[in-house]
Amino acid sequence: MTGTTIEFRSVSKHFGAVKAVDDLSFTVQPGVVTGFLGPNGAGKTTSLRMLLGLVRPTSGSATFGGAPYHRLEHPLATVGTALEASSFSPGRSARNHLRVYAAAAGIPRARVQRVLELTGIAEVADRRVGGYSLGMRQRLGLAFALLGDPEVLVLDEPINGLDPEGIRWIRTLLQQLAQEGRTVLVSSHLLSEVQQSVDRVVIISHGRIVHEGSLDDLEGGTAVLVDSPDRVGLIAALAAAGYAATRTDAGLCVTGATAAQLGALALDARVPLSLLRPDRAGLEDVFLELVGTGEGVQA
Amino acid sequence: MIAAIRSEALKLTTTRMWWVLALVLLGYVGFIAALLAGLFGALGDQLAAQPDAPQLPPESLPPIIYSTATSIGYVFPLILGTIAVTSEVRYQTLTPTFLAQPGRGRVLTAKLIVLAVAGAVLGLIGLVASMGLGAPILAATGNDPAIDQSETWLLAGRILIAMALWAVIGVGIGSLIQNQIAAIVVVLAFTQFVEPILRFGTSIWEWTATVGKFLPGAASDALVGSSIFTSLGMGTTQVQALEWWQGGLVLFGLAVVVSVLGYLTAWRRDIT
């Protein structure tokens, strides 16, 4: 696995006066799972469809290892894609659905059975897709993505509609695919949905990037919950170090410092701690603030 | 290209659509052919005795009855071709199709080729119905089924060509009118209602008849060389129908025009 990089370069898509995607530039590296986050209508799906040659950008280019999708010699063997869970003819069986596209891409028939087993739908593969649940359709969509054993995976909201067991399965699968050196780009409108499985995030809002980097970078600005039996002493120590603390039901909420910094601070001040943890709800707050409804959040 | 054709052929044969249409075609054409063969075969003597009744020379019976495969059945390949495109739009399967084969012109070409073959197969099924039932009934009523004449088999060959072209036209129409229900309504309304009226209306005067003979259904009948519609009632003017090859060119031209227009609309636009 050599590793193929996804590159968006100044990609824009305008529908009339509406800038659905506005000057988007970022890179997705192999070997890690990258989350592509933003609320519904932020331009995620349009961006992915431009990357895949389904929608023509107004300007800019999106490439896989330097080549646009329609120039790839073996598209399904290079990029595996799962877009919505609805691109199926209801009268066709899952096996035949995969055979149709395997034939178009010159992929051997044995691979169809392999991906059906891999995604856990081999037993229902000869039933017509019209009777499938949303979770089974998601798995079939993923089977299509894996058909060509691709170096790059582009998955649009793959967790939507999966049961808890399915969610755990897909998280493990994504991590495993990334560890094999593949490039994995997963979109979602919920940070909490992908929080546990992504290594890097690209967050967009109103068609523009508002954050790109690791989740820890994002957490840097978030809150840490801290408490002590000697609360007065802790507050004094925090104040001396210049941190603002607010009292909450869960403890003292401190912003602008990492958990590690606060732990060291407490040790120096000889204040015993009864609580020290990053505020996960705070991460979601940061995310919502980034993508929030305000027009001015285009940082 | 071979891969794209294999994929399109699999698409067509892995849903029930094509054989449902084939069964209805078989029943419908078979019924009409048997009815006509029985009616004219048995009553030919009595019709001839009545100067007011439409006169059909006995040797014109086999082609009229066998050509019901197209004159009645041409709407079936047309609908099959239309649905082959509109179902992809309806179920958003153009997305995986273009992911597996980003060359969109190649996908359309493959679909046109596969549907042309499928149209010819429907033509074959139509002939099984029209000749399979028509010929024995003609023989049983004391007429010559003309099965041993080369002219009959040339007619059968032209029927296959006509049915193939109709399926190709369907692909173009499906690309132009992407809403499946709208497309089927337009196809049925035009072929079953608008065009028969136009053909009848234009056949009244000389000058309209010279235009009317270029209507697709009329061109199709001209290509085949025989039709129950041209043999009964119509053709009261002196205007000759098109030659078989002219009819074929009109249908082929129509197929090319709608396919190119379809490519410029459905096949090139953004897939969202």
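This passage walks through two sheets of chain A, the contact between chains A and B, and the salt bridges of the structure. The model is a predicted one, and everything below is read from it.

A good place to start is the sheet built from strands 11, 12, 10 and 13 of chain A, which line up in that order as an open sheet of 4 strands with antiparallel pairing. Strand 11 (245–247) and strand 13 (275–278) of chain A sit at the edges, and each has a single partner strand, so one side of each has no neighbour in the sheet. Going from one strand to the next, the twist averages 25°. Further in, strand 10 (residues 223–227) and strand 12 (residues 252–255) of chain A run antiparallel and are joined by 4 bridges. Within that pairing, A:A223 has A:T255 of strand 12 standing opposite.

Two helices of chain A go with this sheet. Helix 9 (residues 231–241) of chain A packs on the sheet and touches strand 10, strand 11 and strand 12 of chain A. The direction of helix 9 makes about 10° with that of strand 12 of chain A. Helix 10 (residues 259–269) of chain A, for its part, lies across strand 10, strand 12 and strand 13 of chain A, and runs at about 160° to strand 13 of chain A.

Chain A also holds an open sheet of 3 strands, in the order 2-1-4, and here too the pairing is antiparallel. Its edge strands are strand 2 (18–28) and strand 4 (59–64) of chain A, each of which pairs on one side only. The twist in this sheet averages 20° from one strand to the next. Strand 1 (residues 6–15) of chain A pairs with strand 4 of chain A over 5 bridges, in the antiparallel sense, and A:S12 stands opposite A:S59 of strand 4. Helix 1 (residues 44–51) of chain A packs on this sheet, touching strand 1, strand 2 and strand 4 of chain A. Helix 1 of chain A points at about 120° to the direction of strand 1 of chain A.

Next comes the meeting of the two chains. Chain B puts 25 residues into the contact and chain A puts in 30 residues. Between them they bury about 2500 Å², with carbon and sulfur atoms giving 58% of that area. On the chain B side, B:Y91, B:L99 and B:A100 lose the most area to chain A, together 23% of what that side buries. The count of salt bridges between chain B and chain A is 1: B:D270 joins A:K13, with the closest N and O atoms 2.8 Å apart. Polar contacts across the interface come to 13 residue pairs. Helix 1 (2–13) and helix 6 (94–100) of chain B each supply at least two residues of the side that touches chain A, and helix 6 of chain B gives the largest share, 6 residues. Sorted by kind, the residues on this side of chain B split into 9 nonpolar, 9 polar and 7 charged.

Finally, a search of the whole structure turns up 15 salt bridges over all chains. One pair that forms a salt bridge is A:R139 with A:E165, whose closest N and O atoms are 3.8 Å apart. A:R139 belongs to helix 5 (residues 134–146) of chain A and A:E165 to helix 6 (residues 164–179) of chain A, so the pair ties together parts that lie 26 residues apart in sequence.

Key
Residues are numbered from 1 along each chain as its sequence is written. Chains are lettered from A and ligands numbered from 1 in the order in which they are written. This is a predicted model: local features need pLDDT of at least 70, side-chain atom pairs count only at pLDDT 80 or more; totals for chains, interfaces and linings use all residues. Side-chain values use heavy atoms; hydrogens and water are left out. Two strands pair if DSSP finds at least two bridges between them. Axes are lines fitted to C-alpha atoms, for helices over the stretch in contact, and angles run from 0 to 180 degrees between N-to-C directions. Contact means heavy atoms within 4.5 Å. Buried area is the accessible area (1.4 Å probe) that two parts lose on being put together, summed over both. A salt bridge is a side-chain nitrogen of Lys or Arg within 4 Å of a carboxyl oxygen of Asp or Glu. A polar contact is a pair of N or O atoms within 3.5 Å; within protein, one must be able to donate a hydrogen and the other to accept it, and residues adjacent in sequence count only if both atoms are side-chain atoms. Ala, Val, Leu, Ile, Met, Phe, Trp, Tyr, Cys and Pro count as nonpolar, Asp, Glu, Lys and Arg as charged, and the others, Gly among them, as polar.
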